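I am opening a notebook on a structure that is new to me, and I want to write down what I looked up and what came back. The entries follow the order in which I went through the topics.

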Amino acid sequence: MDQTPTTTSEINTNNSTRKKRGVPEGTWIQCPSCKKTVFRKEVEKRLNVCTECGFHLYVSAKQRISQVLDEGTFEEWDADLVSVDPLGFSDSRSYKERLVAEQKKTGLKDAVVTGSGMIRARRVAIGVTDSGFIMGSMGSVVGEKLTRLVEKATERNLPLIIISGSGGGARMHEGILSLMQMAKVSAALAKFHEANGLFISVLTNPTMGGVAASFASLGDVILAEPRALIGFAGPRTIKATIRIELPDEFQTSEFLLKHGFIDRIVHRERLKSEIATVIDYCGK
Amino acid sequence: MTMDYLSFEQPIADLQSELDALTKAEVTTPELAEQIRQLRQKLTQTTREIYDNLTPWQIVQVARHKNRPYTTDYLAMVFREFVELHGDRKFGDDRALRVGFARLDEQKVLVLGHQKGRDFKERSQNFFGCAHPEGYRKVMAKMKLAAKFGLPIITFIDTPGAYPGIGAEERGQAQVIAENMFEMSRLPTPIICVVIGEGGSGGALGIGVGDRVAMLQYSYYSVISPEGCAGILWKSHEYAPKAADCLKFTSKDLKGFGIVDDVIEEPLGGAHRDHQHMAATLRSYLKKNLKELLTVPVATLLERRYEKFRRMGQFLELPAAQTTAPT
């Protein structure tokens, strides 16, 4: 993890072992949104944005860091935290086995990478969740790493950036301990806020459940990538409860913007410069 | 009150009806009195045996029991008066969350809690205790009011979860829960939270950050409902009992994980069997803890509250030497 890839092509070579998520191997790929077949290299050149419809495809935490930070400036923090299995949880496979499989698949120890780096020569504290690792869900490790990140940002008076991607919310395999991470990180953010810290929260596809209902919604400024799925309850749960069809654009970035819950929708190619602009205005 | 028995309570139901028949007899003989005495003893023993060995899924049934005391029952039984405060001044007055001033003996407090509703009409109005964003905003506004005027806060948690619906999403369900935890962690007044029935995920935690967090013995507090977990993992709600075993969400489990400070004992056979008894126990718990918390300086209180949640979680920190850079 200390080796930070610097170009997108390099990152995608690292990524080629992934099965479930991400850009599949091969010269051509199918966009999950418009279903058109697009030239893989062109998509990669545009930071994994579909060349046909502009859909923002998955990027790993490591890719994201290289997209947002100045080259070679990332220093990782708390890389040695690993999940345990406090509940002895098991469904089709045990949580322990699942963790090992996800670690192999992603090359990550858990679903978040945290550390410090520069954005346009401004030092920031940054955390990025990876929705490829158990759906980017938050268990004890994610909660602890983010809390330490917030605490360090408070101590060092750094602007804080958290880029969220989580379809899973609070990780059910760690039960109540996962739920409490929401309170833990939120409490750390409240202290950071009291210390006048600047927190920029970036929402990417998908940001749901306990992640949306904690740190992701607590930014001083909240940015979102276009057409990301963002919400509290999953669309399937809502459908099952109210038994009517959900409106178009429901729980998308555009829906949230319209209803007043995010500040700006930002294309991935402009994300870095927009973050820099916000830091500039807030004088940090 | 007529008792609705849960399926695993059948032996209790049988003994009770036997007892009811005997006590109805017009003539009392010494033999009959002795028979009744023995039957009463057996009833107590059987109830104890069943309740000492409840499975997690059975605990969920008890926590959801329709005769279980709800927030408004405790408001009436535990406090001397209750002055309800309505509305979030932005959108509406969510009936799934109730809040107001109350007196615990002489102590003035702010009390709030989820309210499921006893009959169908009330349940529909209250969305079965599933609050909307306006509910969370309402209680937050009143909690800030309480903090401003130095009133301690007591919260009763009893919800299957925050409401999953179109309006709830439009009005920022995720954001209000996040904001409530954020604000509650710094409110400069003592806060006691008690899970009285169902502690359903974010909807529970949205009023669940405090200096003391307690659970009634047969309540549960979980990251996801057993049905929701079963639906995700085994694609069917039928596996809810199995999910309940996996999730480790009983009061005993949570005490073990260091998530709750105290488990408040319920009367024999659960709170639904004896509301007054339950209310009395809860009342003395609240009084004792409030008294303690009111002696703590606010700065210390906030620091301890932070540390309490800060410690939650289990993980392993590998020595740096053992760490290899993954490729």
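The entries below go from the interface to salt bridges, a buried helix, cysteines and one strand residue.

**Entry 1: the kind of model**

I note at the start that this is a predicted model, and that I take local features only where pLDDT is at least 70.

**Entry 2: where chain A meets chain B**

I looked up the contacts between the two chains first, and found that 63 residues of chain A are in contact with 55 residues of chain B. The area buried between chain A and chain B comes to about 5200 Å², and carbon and sulfur atoms give 71% of that area. I then asked which three residues supply more than any other three of the area that chain A buries against chain B. They are A:Met172, A:Ile176 and A:Phe232, which together supply 13% of it.

Turning to polar pairs, I found 16 residue pairs in polar contact between chain A and chain B, counting pairs with both residues at pLDDT 80 or more. I also looked up which elements give two or more residues to the side of chain A that touches chain B, and these are β4 (81-83), α5 (140-156), α6 (175-194) and α8 (235-242) of chain A. The largest share of that side comes from α6(A), with 18 residues. By residue class, the side of chain A that touches chain B divides into 33 nonpolar, 17 polar and 13 charged residues.

**Entry 3: salt bridges across the interface and around A:Glu144**

A search of the whole structure gives 46 salt bridges over all chains, and across the interface of chain A and chain B the rule finds five. One that I wrote down joins A:Glu144 to B:Arg310, with the closest N and O atoms 3.0 Å apart.

A:Glu144 also forms a salt bridge with A:Lys184, where the closest N and O atoms are 2.8 Å apart. Since A:Lys184 lies in helix α6 of chain A and A:Glu144 in helix α5 of chain A, the pair ties together parts that are 40 residues apart in sequence. Are these two residues buried or exposed? A:Lys184 is buried, with a relative accessible area of 2%, and A:Glu144 is buried as well, at 5%.

I followed the links further and found a network of salt bridges that takes in A:Asp78, A:Glu144, A:Arg148, A:Glu151, A:Lys152, A:Lys184, B:Arg310 and B:Glu317.

**Entry 4: two other salt bridges**

In chain A, I looked up A:Arg270 and A:Glu274, which form a salt bridge with the closest N and O atoms 3.6 Å apart. Both lie in helix α10 (residues 268-281) of chain A, four residues apart, which is about one turn of the helix. An α-helix has 3.6 residues a turn, so residues three or four places apart point the same way. A:Arg270 is partly exposed, with a relative accessible area of 46%, whereas A:Glu274 is buried, at 8%.

In chain B, the side chains of B:Glu292 and B:Arg212 meet in a salt bridge at 2.9 Å, N to O. This pair links distant parts of the chain, with B:Glu292 in helix α13 (residues 275-294) and B:Arg212 in strand β6 (residues 212-216), 80 residues apart. B:Glu292 counts as partly exposed, at 35% relative accessibility.

**Entry 5: helix α3 of chain A**

I asked why helix α3 (residues 61-68) of chain A is described as largely enclosed by the rest of the structure. The reason is that eight of its eight residues are buried; among them are A:Lys62 and A:Arg64.

**Entry 6: cysteines**

My search of the whole structure for disulfides found zero over all chains. For A:Cys34, the nearest cysteine sulfur is that of A:Cys53, 3.7 Å away; a disulfide needs the two sulfur atoms within 2.5 Å, so this pair does not count as one. A:Cys34 is partly exposed, with a relative accessible area of 25%, and A:Cys282 also counts as partly exposed, at 39%.

**Entry 7: A:Glu75**

Last, I looked up A:Glu75, which is found in strand β3 (residues 75-77) of chain A and counts as partly exposed at 42% relative accessibility. Leaving out residues up to four places away in sequence, A:Glu75 touches A:Thr114, A:Gly115 and A:Ser116. I also noted that A:Glu75 and A:Ala153 are 78 residues apart in sequence and 14 Å apart in space, C-alpha to C-alpha.

Notes:
Residues are numbered from 1 along each chain as its sequence is written. Chains are lettered from A and ligands numbered from 1 in the order in which they are written. Side-chain values use heavy atoms; hydrogens and water are left out. Buried means under 20% relative accessible area, exposed over 50%, partly exposed in between (1.4 Å probe, protein chains only). Contact means heavy atoms within 4.5 Å. Buried area is the accessible area (1.4 Å probe) that two parts lose on being put together, summed over both. A salt bridge is a side-chain nitrogen of Lys or Arg within 4 Å of a carboxyl oxygen of Asp or Glu. A polar contact is a pair of N or O atoms within 3.5 Å; within protein, one must be able to donate a hydrogen and the other to accept it, and residues adjacent in sequence count only if both atoms are side-chain atoms. Ala, Val, Leu, Ile, Met, Phe, Trp, Tyr, Cys and Pro count as nonpolar, Asp, Glu, Lys and Arg as charged, and the others, Gly among them, as polar.
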